[in-house]
Amino acid sequence: MNTNAITAYRPTRDSTRKSIAVLTYLLGIGLAIFTLYYAYTRSMMRVKFANLFLGFGLAIFYFREYLGPEANDQLLTGQLLNEGLSSGTSGVWDRIPHGHALNAAICVLFGVASICSSLYVHANFDRYIYESAVAGYQPLDILIGGLVIVLTLEATRRAFGAVITVVIMTAMGYALAGPVLPGLFYHSGMSVDFLIENVALGSSGVYGFILEVGTTWVAIFILFAGIAKVYGAMDYMRKLSHEIRKKFRTGFVLPAISASMFMGSLTGASAANVATTGSFTIPMMKDQGIDSRYAGAVESMASTGGQILPPVMGTAAFLMADIIDVSYVDVMFAGLLPAVLFYFAVTLTTVLVVYKYGWIVQDSSSVEWEILLKGGKYAVPIFVIIYYLVEVRATPLTAGLWAIVSIIAIEFLLSVISSRESTETEATDDSARSSPQSMGKAAVANVAETGRKTLDALNRGIVEMVPLLGVLATIGIVIEVFNRTGFSQRLSSFLVSFGGESLLIMLVIAMVASILFGLGMPTPAAYTIVAILVAPALTALGIEAIVAHMFVFYFAMLSAITPPVALAVVVASRIAGARFIPTAIVTLFMGLGAIIVPFVFVYNPELVVWSTPLATAMTMGLALLGITAVAIASTGYVVGETLSVVGRAIFGGLALVLFFVPEPAVQLIAVAVLVVFALTAYLNTVRIPLVYHRN
């Protein structure tokens, strides 16, 4: 192509990119509004809504892939629209590199195909449900079903990498190759058409309960989290953390854990949460003098564990409620005490490490308490969520809807109030101060700016949801294949027979399986697989369903910090500038107390299924003491003293007694010994050379 041809081509190419940028932005806002409308009216079947959300959500995903990350970042702030559309071929567009032509064409084609296939399925949905099961599917139906599989698989690959994509393709290959497989894996097999009909055209598979829950309960809370971020939640958490650190000698670690815990609960994505909150918590911990490996480890643990923190509990908890057919409130209360144990373990271990290595700070500056008051606009929606979930007993979709309405309403109200305050401050005389005209102009300007920010917020919430759509749809394929072939039932029976009558062996098998199935996967996808394949083996041993599912949920979640993949640790180590393997090792040691929590609540189910208040309180007290002993053993430190190997073994042994020996007399002795050892170390009154040595 000659120079003149290139010059003539560039405006056309830029015009296309601008048009797709505008379309993508408007699609994001439109899908957000459609989601809120559906949450309010429930105007169609949930599976129909899921299909439309999937189609238009995948279109947004592919169009954003076409635009590239640089354009996407500017699109979220409105810069690309405000500057780029009016700048011809100059300005912001010249700073955005163009991608490979073939990839660009594929992204645009797949985006359009996503919308078209979704509309086709929507138009023929009733025929699929009521007629095709008897009369059969048409050739075009099979073609569209195959296209849906390709679109969701490619979106999964682009969003989460090749590992999970290979797992899904292996499952489909297993469906086709069943007759030639041996033993446990044998089944009668499926044809290609039969596979497509069952996984991409029926009300299960792609359009199964996973996608339904994901596009409703999960999407509404991810939308809420995206809106909160655009409204300044991250900036507020950063400012609040600066103030809180002034009250603690441990410095920034406690605010860092709190911020990551809160945001992790809303987003439900460990690696993404590390990338957002970790971008400011990790550098601040390093500025305090904390070793980069430990800074990355603290952020990895806190961001990952946020998914078990009520009331939102990330996203997989919604799936748990649907799978075991209980209310979300039951799941929320079941996860409350384990979440307390998890974060007590992370916090205490971190505090001991900070004291052990002398990373404490001395900050005598006063706390600006008025900053706390500015967080009210973020606290109100949380109370709205709790009210609707606990008091009204509404669905998560309804609770999320009114939380979004409340935060948007508060933002507009504050914009009017701030315009009045700014007008009064800038006024130079009494007449100007009381001028309705000047106050009205300021109010209109502030409301308009808030409106623009709200559109960005709606778009941001959808943008954070759409990468999850592909994996939710394709995991539905895996579940349908395993159920259709009978593999899930056979695997559950095999695990029970392999573990025998030993609960501990069965739990270890379930833990390993949950971690392996979760490697490289987002928590909702990982949990769904282990819930189908592993949890039934635990319930077969007499463990209550909600306890069994909470156990596999924890370890599916913890796969984000478990080598060899450990996505959360990968992101944290990059931000911290530390090597991956050392950071992963430190994370496992620091997270030992948190990792043992699932075993604790299986052997002490009253922590999940609350019995009498007294029994639950006593069990919780012993568990907290046990976590304390584990933290001391893993760090090798009690305030003022470091532990020898013998000392660590003693504290570890005391923890095991408190957790797993249900004899009150033995537990009482363990408590007494733990208190004596800790006090002698703290008061430095009795020297025990085999246990302690001077720091």
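## Helix packing, core and loops in a predicted model

Helix H25 crosses helix H27 in a right-handed manner; a crossing is right-handed if the near helix is turned clockwise from the far one by less than a right angle, and left-handed if anticlockwise. The structure is a predicted model, in which local features need pLDDT of at least 70, side-chain atom pairs count only at pLDDT 80 or more, and totals for chains, interfaces and linings use all residues. Residues are numbered from 1 along each chain as its sequence is written, and side-chain values use heavy atoms, with hydrogens and water left out.

H25 covers residues 523–533 and H27 residues 545–558; they pack at an angle of about 140 degrees, with their axes 9 Å apart. Helices are DSSP runs (H or I, at least four residues) numbered from the N terminus. Axes are lines fitted to C-alpha atoms over the stretch in contact, and angles run from 0 to 180 degrees between N-to-C directions. H25 is therefore oblique to H27, a term for angles that are not under 35 degrees (roughly parallel), over 145 (roughly antiparallel) or 65 to 115 (roughly perpendicular). Residues of H25 in this contact include Tyr 527 and Val 530, and those of H27 include His 549 and Phe 553. Contact means heavy atoms within 4.5 Å.

The largest nonpolar core has 225 residues, and Phe 342, Phe 551 and Phe 601 have the most contacts inside it. Helix H17 (residues 328–356) gives the most to this core, with 17 residues. Such a core is a set of buried Ala, Val, Leu, Ile, Met, Phe, Trp, Tyr and Cys residues joined through side-chain atoms within 4.5 Å. Beyond its neighbours within four places in sequence, Phe 342 contacts residues including Met 301, Tyr 554 and Val 597.

Buried means under 20% relative accessible area, exposed over 50%, and partly exposed in between (1.4 Å probe, protein chains only). Thr 616, in helix H32 (residues 613–635), is buried, with a relative accessible area of 8%.

Most residues other than glycine have a negative phi. The table lists two non-glycine residues with a positive phi.

| Residue | Phi | Loop between | Relative accessible area |
|---|---|---|---|
| Asp 325 | about 60 degrees | H16 (316–323) and H17 | 69%, exposed |
| Arg 393 | near 60 degrees | H19 (376–391) and H20 (396–426) | 52%, exposed |

Gly 161, which follows helix H8, also has a positive phi, near 95 degrees.

Methods:
Helices (H or I, at least four residues) and strands (E, at least two) are DSSP runs, numbered from the N terminus.
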